[in-house]
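Trainee: Could you take me through one part of this protein in detail? I would like to look closely at the place where its two halves meet, and at the loops around that place.

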Amino acid sequence: MIAQRHELTEGQVFLGNGSDEVLAHAFFAFFQQNSPLLMPDISYSFYKSYCVLYGITAQTVPLTDDLRLLVADYSPSVSQVVAGIVIANPNAPTGIGLPLRDIEVLLQMHPNRVVLVDEAYVDFGAQSAVSLINRYANLLVVHTLSKSRSLAGLRIGYACGQTHLVGALERVKNSFNSYPLDRLAIVGGVAAFEDAEYFEQTRQAVMSSREGLVLALEDFGFSVLPSQANFVFARHRTYDAAKLALELRACGVLVRHFKIPRIDQYLRISVGSSSQCDRLIGVLAEVLMSASN
């Protein structure tokens, strides 16, 4: 069913117990080399964790000042061989997506190294690289059913790539656990792909709510990065992010603050239902008004 949706063969799809397991197997299979693995300095934190676990040297590539990934920064160096490239598209926690042409440039830059594109949030407005798989033998695309398919508790993830990459993942998986998905997860996953109408309805609702949330945040003095995910990354022009996160928590509203250089004044705010977004905006209004008095 997944292969059919993406116009691939069954041998080009690998299933795992959540995308985190799929990512872990990919790091084990492809990136344990005597050369560094390239990844953005600000991205999904588990990438560095997998590197520590498997003894992989991680080389972070700084995002630009406006927190964008610049493909030219991943150009191969004559003096350096790399183990591969890992990126999230859209990136997390920024929510900024790369156009397909940039993914293609990365693939062409490193034709003999695996380029892993983690597309956990791609269904919320970004371009998927799955369409490039039959053209590039070094492309591995990872998806999850936890975000746009609303099945976080069932733990279903998958990777798409040419058969030699999927075969390598299968060999790693079979060394750990040959049957990572239980029957309930399989039934739920099949139902999620069969109900295309519900999938489209829910992802469109998220994107619509995101637009309204961005406008409301900007009215309150926030700068919001352009998001193609189910969250936004925003900073207030005067209010400290850590303090704001604590005050929102005290009112029962949870947002995520990162104590990380360069992004310590940003908040990652999930796009909830309309009522949840209204609740956030209402509490923000009270907090900011109180601070101005």
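Mentor: Happy to; here is a walk through the domain interface and the loops that go with it.

Please keep in mind that this is a predicted model. The protein chain is divided into domain 1, residues 1-194, and domain 2, residues 207-292. Taken over C-alpha atoms, the centres of the two domains are 29 Å apart. Where they meet, 22 residues of domain 1 are in contact with 15 residues of domain 2. Together domain 1 and domain 2 bury about 1500 Å² between them, and carbon and sulfur atoms give 59% of that area. On the domain 1 side, Leu 67, Pro 93 and Phe 124 supply 38% of the area buried against domain 2, more than any other three residues.

Now for the polar side of the interface. Eight residue pairs, both members at pLDDT 80 or more, are in polar contact between domain 1 and domain 2. By class, the side of domain 1 that touches domain 2 holds 11 nonpolar, six polar and five charged residues. One salt bridge is found across the interface. Asp 41 and Arg 262 form a salt bridge, with their closest N and O atoms 2.8 Å apart. This pair links distant parts of the chain, 221 residues apart: Asp 41 sits in the loop between β2 (37-40) and α3 (46-54), and Arg 262 in the loop between β10 (256-257) and β11 (267-270). Arg 262 counts as partly exposed because its relative accessibility is 35%, a value that falls between the 20% and 50% cut-offs. As a general point, side chains of opposite charge can pair when their charged atoms come close.

Let us go back to Leu 67, one of the three residues just named for their share of the buried area. Leu 67 lies in the loop between β3 (58-61) and β4. Its phi is near 65 degrees, a positive value in a residue other than glycine. For context, most residues other than glycine have a negative phi, and most peptide bonds are trans. Leu 67 has a relative accessible area of 3%, so it is buried. Asp 66 and Arg 68 form a salt bridge, the closest N and O atoms being 3.5 Å apart. Both partners are partly exposed: Asp 66 has a relative accessible area of 41%, and Arg 68 has one of 37%.

Pro 93, another of those three residues, takes us to the loop between β4 and α4. A cis peptide bond joins Ala 92 to Pro 93, with omega about 15 degrees. Pro 90 is also found in the loop between β4 and α4. Here too the peptide bond is cis: Asn 89 is joined to Pro 90 with omega about 0 degrees.

Asn 89 deserves a look of its own. This residue lies in the loop between β4 and α4, and it counts as buried because its relative accessibility is 0%. Leaving out residues up to four places away in sequence, Asn 89 touches Ile 96, Gly 97, Leu 98, Ile 103, Val 117, Asp 118, Glu 119, Val 122 and Gln 127. The side chain of Asn 89 reaches the backbone nitrogen of Leu 98 at 2.5 Å.

One of the residues that Asn 89 touches, Ile 103, brings us to helix α4. In α4, residues 100-109, the buried residues are Leu 100, Ile 103, Glu 104, Leu 106, Leu 107 and Met 109. These buried residues pack against three strands: β4 (84-88), β5 (114-118) and β6 (139-144).

To pull the threads together: Leu 67 and Pro 93, which along with Phe 124 supply 38% of the area domain 1 buries against domain 2, have local backbone features worth inspecting on screen. Leu 67 has the positive phi, and Pro 93 follows a cis peptide bond from Ala 92. The salt bridge to find alongside them is the one between Asp 41 and Arg 262.

Terms used: Residues numbered from 1 in each chain as written. Predicted model: local features only at pLDDT ≥ 70, side-chain atom pairs only at ≥ 80, totals over all residues. Heavy atoms only, no water. Domains from an automatic or database assignment. Contact = heavy atoms within 4.5 Å. Buried area = accessible area lost by both parts, 1.4 Å probe. Salt bridge = Lys/Arg side-chain N within 4 Å of Asp/Glu carboxyl O. Polar contact = N/O pair within 3.5 Å; in protein donor to acceptor, adjacent residues only side chain to side chain. Nonpolar A, V, L, I, M, F, W, Y, C, P; charged D, E, K, R; others polar. Buried < 20%, exposed > 50% of the residue type's maximum accessible area, 1.4 Å probe, protein only. Helix = DSSP H or I, 4+ residues; strand = E, 2+ residues; numbered from the N terminus.
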